[in-house]
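Please work through the following exercises on burial, contacts and charge pairing with the coordinates open beside the text. Each task is followed by a solution that goes step by step.

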Amino acid sequence: MKISVLCFDISGNAAGRADLLARLLQPLGSVEVIGPRSGPGVWNPVAGGPVRYASVPARRMPAFLASMAELTRRADGDLIYASKTRLASAGVGYLKRVVGKRPLLLDIDDWEVGFYLGAGFWGTLGRTLNLGNPSGLPWTWLCERLTGLADSVTVASRFLQQRFGGTLIPHARDTDVLRPGCADAAAGRRRLGVGEQRLVMFIGTPRDHKGLDDLATAVASLGRADVALAVVGAAAPSAAGRRILGRCPSATLVPWVPFDQLPALLSAADVVAVPQRATPATVGQVPAKIFDAMALGRPVISTRVSMIPEILDGCGLLVEPGDVSGLAAAILRLLDNRAEAEAFGARARERCVERYSFHAARRELFPLIERAMAKPKANH
């Protein structure tokens with residue numbers, strides 16, 4: 001069986017979820033991720049991985065219609081799996097479902113429309129009128145209205161499940177590969193240049209709703225030379241990098257690295273911080289790096305946003321979003337109580353294997369595919 005996974009931009013971090021879906025599906029046959037590319041190639045963290053990619057250049061309307069036709073032609077799998085409610089992924093999937101009669105699964109791991117709702121009335125109005133951008137609000141809103149065309153829907157959080165229905169497939173991790181001791185933590189510390197310091201780490205795309213400003217301020221407020229902050233995913237010359245260094249001048253910034261290099265960096269961390277803020281963009285979002293940290297048995301501090309409290313219940317520390325002093329206190333608690341931190345990490349690992357592993361995700365996902373493929377073609 002061949003499966004085509006549709007991604008609306010293979011050059012950006014949207015490729016992270018598409019890559020995960022493709023790896024989950026590999027036991028079933030040949031899998032290929034297809035989509036427009038807004039940059040020179042595949043998103044760096046997944047570019048050297050085991051998943052095959054095919055792409056067309058990203059374009060604006062009306063030229064995008066030709067790209068959409070080409071994507072529809074290239075998505076020749078026996079099953080189509082569209083990642084995110086965007087025109088270049090879900091929109092192409094809907095065409096394959098209606099015109100090509102191919103079984104379609106739709107994956108929703110973010111409330112995409114929510115990303116457009118934080119700019120106030122006039123900002124949202126302007127975005128509503130932006131028909132030239134295939135990834136803009138009007139086309140994204142339309143794709144959210146058409147989710148019923150899919151044979152099955154998968155979602156990454158409880159909020160999204162309540163909004164769109166479907167089966168919960170979190171950002172699962174291959175816990176057979178990602179496990180405590182799988183990487184050289186000492187090498188990771190040398191790469192980061194932290195020596196004997198206690199290390200607080202953030203990994204992810206440095207957007208405002210990720211709470212990096214809160215984290216940098218919290219670590220700086222500790223006033224301890226024996227505590228270091230490392231941010232993986234932010235380059236010093238970037239606007240985000242300058243903001244982080246403005247709040248915590250001693251922070252170490254590392255640009256995005258391939259996913260296979262992350263275990264050594266994460267293993268070096270004494271605490272992994274995921275200080276998600278509460279915004280329309282995060283209400284349905286679960287940061288994927290929580291699961292990397294859990295798989296590796298690292299202690300995690302995060303915020304009470306989306307389904308993070310359910311994920312970390314009993315195996316991590318939670319603070320209120322935006323509570324810088326609470327975040328600083330939680331960091332100190334784990335840094336100064338190693339036994340407690342190690343116990344949290346061990347329980348997080350157990351939780352990840354039980355609920356958020358590849359094995360757990362495939363138990364939910366593969367029956368959906370079997371049912372979709374078993375439907376008579378006339379019903380597709």
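Buried means under 20% relative accessible area, exposed means over 50%, and partly exposed lies in between (1.4 Å probe, protein chains only). The structure is a predicted model, in which local features need pLDDT of at least 70 and side-chain atom pairs count only at pLDDT 80 or more, while totals for chains, interfaces and linings use all residues. Residues are numbered from 1 along each chain as its sequence is written, and side-chain values use heavy atoms, with hydrogens and water left out.

**Exercise 1.** Determine where Gln285 lies, whether Gln285 counts as buried or exposed, and which residues Gln285 is in contact with.

*Solution.* Begin with the secondary structure, where helices (H or I, at least four residues) and strands (E, at least two) are DSSP runs numbered from the N terminus. Gln285 falls in the loop between β11 (271-274) and α12 (289-295). Next, take the accessibility: because its relative value is 7%, Gln285 counts as buried. Finally, list the contacts (heavy atoms within 4.5 Å); once neighbours within four places in sequence are left aside, the partners of Gln285 are Asp110, Phe115, His209, Lys210, Gln276 and Ser306.

**Exercise 2.** Establish which parts of the chain are tied together by the salt bridge between Glu32 and Arg52.

*Solution.* Side chains of opposite charge can pair when their charged atoms come close. The criterion for a salt bridge is a side-chain nitrogen of Lys or Arg within 4 Å of a carboxyl oxygen of Asp or Glu, and a search of the whole structure finds 26 of them. In the pair Glu32 and Arg52, the closest N and O atoms are 3.5 Å apart. Glu32 belongs to strand β2 (residues 30-37) and Arg52 to strand β3 (residues 52-57), so the pair ties together parts that are 20 residues apart in sequence. As for accessibility, Glu32 is buried at 11%, whereas Arg52 is partly exposed at 39%.

**Exercise 3.** Repeat the analysis for Lys84 and Asp110, and then for Arg224 and Asp336.

*Solution.* The side chains of Lys84 and Asp110 form a salt bridge at 3.1 Å, N to O. This pair links distant parts of the chain, 26 residues apart, with Lys84 in the loop between β4 (79-83) and α4 (87-98) and Asp110 in the loop between β5 (104-108) and α5 (120-128). Both Lys84 and Asp110 are buried.

For Arg224 and Asp336, the closest N and O atoms are 3.2 Å apart. Arg224 sits in the loop between α9 (212-222) and β9 (227-232) and Asp336 in helix α14 (residues 324-336), so their salt bridge ties together parts that are 112 residues apart in sequence. Arg224 is partly exposed at 27%, and Asp336 is partly exposed at 48%.
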